[in-house]
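Reader: I should like to take a close look at a single part of this model. Please set out the details in one connected account.

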Amino acid sequence: MTAILLAFSLGATGCNNGDDGPTAPSGPPPAGSTIRYTPVGASDVTGVGSSVLCLPFVVDCPNGTGYAFVAARQLRAQNYTVIVTNHGIPSAVISRGFQDLGRQYGKTDIAGNFIEQQMPFVPADSTLVTIFAGVNDVNVISAALAGGAGSGDRNAFIDQQVRNFGSDYTTLLSGIRSGAGSARVIVLNLPNVAGMPFRARSPLPERQAAQRASVRMTTTVINSLPNVAVVDLMCDARMYQPSIYSSDGLHPNDSGYAIIADEIVKAVTLSYPAPKSSCAQMTLVP
């Protein structure tokens, strides 16, 4: 799973950290209108872990059980016309920098990155763009630490990577807004990766590192993005229930993707609350 940025030109009011402008949160889309939805992300977009996988760069996948396609069906049930273009690339990270860092430390399965392989191809007429970025990047940081990076100061290394992630996110968001000027932005932050089932048996230092990276990516980067609504996965207790994950403990199953889809639909159609500044889920690991 990879963190989500949702960009929607007609979406719901959420966290607005700047002056109102072309990308500022607005009201729900008019009844019966057309939503052109481009999800940008990794395996979460294609629905890895769910019962019906959807191939990347396919215009639509009507029976898909990943969050993007479940959300599209729910919006259609509310009388919207929804056109989905799936831009998800399984295993992708946010940038070339994270891709190279991962490969340097043995993560040779990274297929691409959002900035180079997805951002330039977001259709200009998109009105809803979703991006979930971060979980794969946290796993890159964990792999680098396991390979000896940051041996002098692990926390300093993590914090530098979080700053890099923040710069990359700004580039990604700016590029999407530049190419799809009517798109409204909503973001999904990260759950605490240390609390996800695939990390349950990891050594304590690995879980501490995953927590530091994912919580700081959420609180210092994603939750602080200007003129966006934030879907708060970090503080959603449901995101830590093993029953909503597939057998790998990383990717959601149908139930998990349905939870995310429900939040997307709320963010599109309702006034959506700002993310919490703190919660118990941020400190799961001592």
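How many bridges join β5 to strand β6 (residues 229–231), and what is the direction of the one strand relative to the other?

Author: This is a predicted model, in which local features need pLDDT of at least 70 and side-chain atom pairs count only at pLDDT 80 or more, while totals for chains, interfaces and linings use all residues. Residues are numbered from 1 along each chain as its sequence is written, and side-chain values use heavy atoms, with hydrogens and water left out.

Three bridges join β5 to β6, and the two strands run parallel. Two strands are taken to pair if DSSP finds at least two bridges between them. Strands here are DSSP runs of E with at least two residues, and helices are runs of H or I with at least four, numbered from the N terminus. Within this pairing, Leu 188 stands opposite Val 231 of β6.

In a regular strand the side chains alternate between the two faces of the sheet. In β5 (residues 185–188), Val 185 and Val 187 point one way, whereas Ile 186 and Leu 188 point the other way. All four are buried, a term that means under 20% relative accessible area, with exposed over 50% and partly exposed in between (1.4 Å probe, protein chains only).

Helix α7 (residues 204–221) completes a right-handed β-α-β unit with β5 and β6. Right-handed means that, with the strands pointing away from the viewer, the path from the first strand over the helix to the second runs clockwise.

The region after β6 brings in a disulfide, defined as a pair of cysteine sulfur atoms within 2.5 Å. Cys 235 and Cys 279 are linked in this way, with their sulfur atoms 2.1 Å apart. The link is left-handed, with -85 degrees about the S-S bond. Cys 235 lies in the loop between β6 and α8 and Cys 279 in the segment after α8, so the pair ties together parts that are 44 residues apart in sequence. Both Cys 235 and Cys 279 are buried.

Gln 281 is also found in the segment after α8 (254–269). Gln 281 counts as buried because its relative accessibility is 15%. Leaving aside its neighbours within four places in sequence, Gln 281 is in contact (heavy atoms within 4.5 Å) with Asn 192, Met 234, Cys 235, Ala 237 and Tyr 240. One of these partners, Cys 235, thus also takes part in the disulfide with Cys 279.
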